[in-house]
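I opened a new notebook page for this entry. I wanted to look up charged pairs, helix packing and buried residues, in that order.

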Amino acid sequence: MKVGIVGLPNAGKSSLFNALTRAGAEAANYPFTTIEPNVAVVPVRDERLEQIAELLGASEVVFDTISFQDIAGLVAGAHRGEGLGNRFLAHIRETDAILHVVRCHTDDRVVHPDGRVDPIADIETIETELILADLEQAERRLERVRRIARSGDRQAIAEQAWLEQLIEALQSGRPARSVPVPPDAGDALRALGPITAKPTLFVANVDEDVDSVPEAVAAHAAAQGAGAVAISARVQAELAELEPQDAAALRAELGVAESGLERTTRAAFALLDQIAFFTAGEAKPAQSWHLRNGLTAWHAAGEIHSDIQRGFVRAEVVGWRELLAAGGYAGAREQATLRLEGRDYVMRDGDVLTVKFTP
Ligand SMILES: Nc1nc2c(ncn2[C@@H]2O[C@H](COP(=O)(O)OP(=O)(O)O)[C@@H](O)[C@H]2O)c(=O)[nH]1
Ligand SMILES: [Mg+2]
């Protein structure tokens, strides 16, 4: 899963990126990977998995990862190529979700590009750029699809109708997510990849002594069906630089919720409607995985390995709490909290899964 971090210059994107990256490095047993200076693959720490690993005597703990990209350079006029805008917009198009960092803190030592602190105006500046970028892309796509539609291709005809509606919406400032794709238009959404249809999480970069999302930002997010979390990017970045004990001491002193970053990563997963499941056994790695909510044991097997999915026979499933309560798999079997399930079993968040398969 790839998440792009956007926001105006000085909003706090790099601070958040650094905090997420270093915290991830700290949580992992292995070094995180930096693909490019602005891309980091971060393990998603999950205490449930740590408990399971300890209980079962796992050989190691392997957290699922999430990749963050710090996308700088988004300014008013980016869709026209201002400040290398087009290149940055191309990066955003490749992400699964967007973290939109909004400056809410009032530290006047940090320069604001427009010389004032106005979170809603800032959000609108960014959203306008994203909408205009989508508009340009949609118009280009429409030209191509029109030509195909003329030959009578049904799917192209449906896609053309959708694109025309979409263009109208974008022109009046509404995001692409407000125009659903008709089922007969095939993979039109993937073909276009509109930025304003991506799930978005607003990150309110608040003053150190604030722990809630400003009302106006919360209302804006809610109106869009987006999430919102509050964080002090600077405090989180500073904490992430410290040794764990020192960080804990500073946190206590500042009264900062330890879960600031975890809250953000978790919110990002919830935003994408993902659930976590685990695989674990004695002297084997304990691993966490993610899967779209509503998918089945068969899909979960595919996350682990395509061979396991192909040879799927049945699944043994137990909730993480029940597994802990029973003291292990044997106990869970006795208490009948460990169940045999078929391929169509719908996975639940926190399930511990063992797939029986024929190689
Ligand atoms: N007081 C305060 N300063 C912050 C906060 N977050 C970021 N900054 C400062 O604002 C400046 C710009 O932050 P940066 O993360 O580089 O912003 P970017 O341009 O969006 O990447 C830096 O000097 C940060 O230290 C915050 O929560 N509070
Ligand atoms: Mg930056």
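**Charged pairs**

I began with R190, which has a relative accessibility of 67% and counts as exposed, because the cut-off for exposed is over 50%. I noted that the model is predicted, so what I list here is computed from a prediction. The side chain of R190 meets that of D187 in a salt bridge, 3.3 Å from N to O.

I then looked up R333. Its side chain forms a salt bridge with the side chain of E316, at 3.2 Å from N to O. R333 belongs to helix α14 (residues 329-334) and E316 to strand β11 (residues 312-319), so this pair ties together parts that are 17 residues apart in sequence. I checked how open each partner is. R333 is partly exposed, at 46% relative accessible area, whereas E316 is buried, at 9%.

Next I went to R45 and E50. Their closest N and O atoms are 3.3 Å apart, and the two form a salt bridge. R45 is partly exposed at 35% relative accessibility. E50 is partly exposed as well, with a relative accessible area of 25%.

I also found a network: salt bridges link D46, R48 and D349. How many salt bridges does the structure hold? I wrote down 16. As a general note to myself, side chains of opposite charge can pair when their charged atoms come close.

**Two helices**

Two packed helices are described by the angle between their axes and the distance between the axes. I looked up both values for helix α4 (residues 119-150) and helix α7 (residues 215-224). Their axes come within 9 Å and cross at roughly 35 degrees. The crossing of α4 past α7 is right-handed.

Which residues of α4 and α7 meet? On the α4 side I listed P119, I120, I123 and E127. On the α7 side I listed A216, V217, H220 and Q224. Sorted by class, the contact of α4 with α7 has 5 nonpolar, 2 polar and 1 charged residues.

**Nonpolar cores**

The largest nonpolar core has 27 residues. I5, L16, I66, F68, L99 and V203 have the most contacts inside this core.

I took L16 for a closer look. Leaving aside residues up to four places away in sequence, L16 touches I5, L99, V101, V203, I231, A233 and L261. Another core, of 19 residues, lies apart from the largest one. I noted L142, V145, A169 and A188 among its residues.

**Two buried strand residues**

I finished with two residues in strands. P43 is in strand β3 (residues 39-43). Is P43 buried or exposed? P43 is buried, with a relative accessible area of 5%. I also looked up its separation from D64: the two are 21 residues apart in sequence, and their C-alpha atoms are 5.6 Å apart in space.

N205 is in strand β7 (residues 200-205). N205 is buried, with a relative accessible area of 5%. What does N205 touch, not counting residues up to four places away in sequence? I copied out A11 and G12, then V101, V102, R103, C104 and H105, and then I231, S232 and A233. I had already met V101, I231 and A233 in the list for L16.

Terms used: Residues are numbered from 1 along each chain as its sequence is written. Chains are lettered from A and ligands numbered from 1 in the order in which they are written. This is a predicted model: local features need pLDDT of at least 70, side-chain atom pairs count only at pLDDT 80 or more; totals for chains, interfaces and linings use all residues. Side-chain values use heavy atoms; hydrogens and water are left out. A salt bridge is a side-chain nitrogen of Lys or Arg within 4 Å of a carboxyl oxygen of Asp or Glu. Buried means under 20% relative accessible area, exposed over 50%, partly exposed in between (1.4 Å probe, protein chains only). Helices (H or I, at least four residues) and strands (E, at least two) are DSSP runs, numbered from the N terminus. Axes are lines fitted to C-alpha atoms, for helices over the stretch in contact, and angles run from 0 to 180 degrees between N-to-C directions. A crossing is left-handed if the near helix is turned anticlockwise from the far one by less than a right angle, and right-handed if clockwise. Contact means heavy atoms within 4.5 Å. Ala, Val, Leu, Ile, Met, Phe, Trp, Tyr, Cys and Pro count as nonpolar, Asp, Glu, Lys and Arg as charged, and the others, Gly among them, as polar. A nonpolar core is a set of buried Ala, Val, Leu, Ile, Met, Phe, Trp, Tyr and Cys residues joined through side-chain atoms within 4.5 Å.
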